[in-house]
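Thank you all for making the time this morning. I would like to walk through one model with you, beginning with a question and then moving from the interior to the surface.

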Amino acid sequence: MLKSLLPIFDLIEDVVYDYKFTVFVPVYNASETISAVFDSLNHQTFKDFEVIIINDGSTDNSDEIINGKLVDLKFKHTYINNEHNVNKFGILFEAVEKAKGEFFIIHDSDDQCTPNALETFLQQYNSIPNELKDKISGVTCKCKNQFGEEIGKKLPKDPLYSNTFESSIKYGLSFEKWGLVKTRLLKSIKIDKFIVGKGMIPESFIWMIFAKNGYLTKYCSDVIRIYFVDNQNSLSTLKYDKKALGMSLYAIMFINYFYEDYLLVYPKHFIKRLVSLLMASKYLEYTFKDYFQSIDSVLLKMIFTVLWPFKSLL
């Protein structure tokens with residue numbers, strides 16, 4: 001059943017890292033934007049980092065552009081040119097496996113960052129009280145668009161310590177942000193290889209795992225990422241059928257991980273996840289039984305059963 005495809009979290013022993021940061025740059029048809037990414041990273045005021053670049057089967061001349069820029073890079077880098085496209089989630093864990101930095105940052109190939117981005121991340125992490133650090137998964141900061149406009153609303157507190165579920169549902173912070181996460185925690189996630197290459201899996205898939213296991217994120221108001229809106233080469237620009245499996249797994253995670261604590265407090269959000277599960281089911285070959293057995297909540301099982309005959313209307 002679908003629930004068997006959910007990731008497993010098993011915390012590994014920590015190690016000594018070669019760098020403070022690993023910056024992962026996933027690339028797909030980014031020939032027009034990748035040079036600006038490298039320029040941003042070349043100008044970082046903090047220098048103790050490596051960059052892992054994975055070209056995910058691009059069909060444009062991204063590989064040619066990247067190879068032409070490698071000689072100008074002022075940081076340690078690893079470049080992998082994959083022949084076949086498996087989507088961002090799959091190459092993310094390819095990069096995690098190779099990462100040698102204490103903290104892991106995803107830098108999309110159509111964005112840029114401010115020169116003090118890594119320095120700001122480190123300052124924000126170092127200022128976390130020592131008694132909290134073991135339960136912190138990472139630090140998240142804010143973005144602005146290419147027109148200089150800050151994205152999203154003001155934080156209710158600065159800094160705000162919260163998990164991914166509450167930051168989105170309770171505080172309404174479900175807008176574009178940028179963060180680091182402890183590499184140790186990412187390396188502790190075991191994913192089923194079946195889901196790799198099966199369309200887009202949302203990054204929130206990962207943050208939900210940390211929330212389930214009691215980790216908090218430090219949210220800060222520093223604006224350090226430039227997010228280019230309406231970019232047609234964005235990895236997240238996919239039709240629903242291309243992300244149906246990811247949305248199904250995310251919905252099941254959302255429901256099963258949090259219904260005991262939050263269902264009666266935020267019922268509409270769980271209903272929304274049931275609806276997204278029904279919508280995704282139109283593009284997948286799983287049966288009603290597969291979905292039914294994957295939902296842990298008896299109440300939500302009942303509601304899903306009632307809604308199932310009407311899925312074609314969604």
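Why is the sulfur of C220 not in a bond with the closest cysteine sulfur, in C141? The sulfur of C220 lies 4.7 Å from that of C141, which is too far for a bond, given that a disulfide here is a pair of cysteine sulfur atoms within 2.5 Å. A search of the whole structure in fact finds zero disulfides, and C141 is accordingly in none, with the sulfur of C220 as its nearest cysteine sulfur. C141 counts as buried at 1% relative accessibility, and C220 counts as buried as well, again at 1%, where buried means under 20% relative accessible area, exposed over 50%, and partly exposed in between, with a 1.4 Å probe and protein chains only.

Before going further, I should say that this is a predicted model, in which local features need pLDDT of at least 70 and side-chain atom pairs count only at pLDDT 80 or more, while totals for chains, interfaces and linings use all residues. Residues are numbered from 1 along each chain as its sequence is written, and side-chain values use heavy atoms, with hydrogens and water left out.

Turning to the interior, the largest nonpolar core, meaning a set of buried Ala, Val, Leu, Ile, Met, Phe, Trp, Tyr and Cys residues joined through side-chain atoms within 4.5 Å, holds 59 residues, of which F24, F104, I189, F210 and F270 touch the most other members. Helix 9, residues 244-262, gives the most to this core, with 13 residues; helices (H or I, at least four residues) and strands (E, at least two) are DSSP runs numbered from the N terminus. If we look at F210, leaving aside residues up to four places away in sequence, we find that F210 touches F9, S137, V181, L185, L186, I189 and Y215, contact being heavy atoms within 4.5 Å. There is also a second, separate core of 40 residues, which includes V27, F75, A117 and L180.

A117 brings us to helix 4, residues 117-126, which is mostly covered, with seven of its 10 residues buried. Those buried residues are A117, L118, T120, F121, L122, Q124 and Y125.

Next, the backbone, where three places deserve a look. The peptide bond from D158 to P159 is cis, with omega near 5°, and P159 is found in the loop between strand 7 (136-145) and strand 8 (160-162). N29, in the loop between strand 2 (19-27) and helix 1 (34-42), has a phi near 50°, a positive value in a residue other than glycine, and N29 counts as buried at 15% relative accessibility. N87, whose place is in helix 3, likewise has a positive phi, of about 75°, although it is not a glycine, and N87 is buried with a relative accessible area of 18%.

Helix 3 also leads to my last topic, because helix 3 gives the most to the lining of the second largest pocket, with six residues. Of the 14 residues that line this pocket, the closest to its centre are F93, E94, E97, I191 and K193. On a 1 Å grid over the protein atoms alone, a pocket is an open set of points where a 1.4 Å probe fits, with protein on both sides within 12 Å along at least five of seven lines, and lining residues have an atom within 4 Å of a point.
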